[in-house]
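Colleague: Got a minute to walk me through this one? I'd like the overall picture before I get into single residues.

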Amino acid sequence: LLVTETGKLFTWGLGKYGVLGHGDVINTVQPKLVEDLAAFAIKSVSAFATHSAVITEQHNLYHWGWIGVD
């Protein structure tokens, strides 16, 4: 996960479980904007092997990927 100085979120890598936040499970080699969060300024990020999470400047939490619930 990468957050720009303006708070835009970009992700790349293995797309398994949807951890990149692009609505698919495709592996991505180049950083790609997470379009669903483009309207928000991202303040903090956390990345794991199976899920990812961010906190916005407005203190909202967004979490995606596999969280161990079937």
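Modeller: Below we go from the overall fold to the core and then to a few single residues. This is a predicted model, where local features need pLDDT of at least 70, side-chain atom pairs count only at pLDDT 80 or more, and totals for chains, interfaces and linings use all residues. Residues are numbered from 1 along each chain as its sequence is written, and side-chain values use heavy atoms, with hydrogens and water left out.

Colleague: OK, how many helices and strands are there in the protein?

Modeller: Zero helices and six strands, so the order along the sequence reads β-β-β-β-β-β (DSSP runs numbered from the N terminus: H or I of at least four residues for helices, E of at least two for strands). The radius of gyration is 11 Å, close to the 11 Å from the globule rule for 70 residues, so the protein is as compact as a globular protein of that length. That radius is taken over C-alpha atoms, and the rule is 2.2 Å times the number of residues to the power 0.38.

Colleague: And what does the C-alpha trace span along its principal axes?

Modeller: About 30 × 25 × 15 Å. Of the 70 residues, 27% count as buried; buried means under 20% relative accessible area, exposed over 50%, and partly exposed in between, with a 1.4 Å probe and protein chains only.

Colleague: Which residues make up the largest nonpolar core?

Modeller: Six of them: L9, V34, L37, I42, V54 and W64. A nonpolar core here is a set of buried Ala, Val, Leu, Ile, Met, Phe, Trp, Tyr and Cys residues joined through side-chain atoms within 4.5 Å. In soluble globular proteins, nonpolar side chains tend to be buried together.

Colleague: What is V54 in contact with?

Modeller: Leaving out neighbours within four places in sequence, V54 contacts L9, L37, I42, S44, V45, N60, L61, Y62 and W64. Contact means heavy atoms within 4.5 Å.

Colleague: Switching to T28: is it buried or exposed?

Modeller: T28 is buried, at 16% relative accessible area. T28 lies in strand 3, residues 28-33. Apart from neighbours within four places in sequence, T28 contacts T11, W12, G13 and L20. T28 and W12 are 16 residues apart in sequence, and their C-alpha atoms are 4.9 Å apart.

Colleague: Any backbone oddities? Which residue has a positive phi of about 65°?

Modeller: That's Y17, which is not a glycine. Most residues other than glycine have a negative phi. Y17 is in the loop between strand 2 (9-13) and strand 3, and Y17 is partly exposed at 37%.

Colleague: What about H59, where is that found?

Modeller: H59 is in the loop between strand 5 (51-56) and strand 6 (61-65). Phi of H59 is also positive, near 70°, and H59 is exposed, with a relative accessible area of 61%.

Colleague: Back to the loop between strand 2 and strand 3: what does D24 touch?

Modeller: D24 touches G15 and G18, not counting residues up to four places away in sequence. D24 is partly exposed at 25%. D24 and G65 are 41 residues apart in sequence and 10.0 Å apart in space, C-alpha to C-alpha.

Colleague: Last one: how far apart are the mean positions of the positive and negative charges?

Modeller: They are 2 Å apart, for 4 positive and 6 negative charges. Lys and Arg count as positive, Asp and Glu as negative, with His and the chain ends not counted; each charge is placed at NZ of Lys, CZ of Arg, CG of Asp or CD of Glu.
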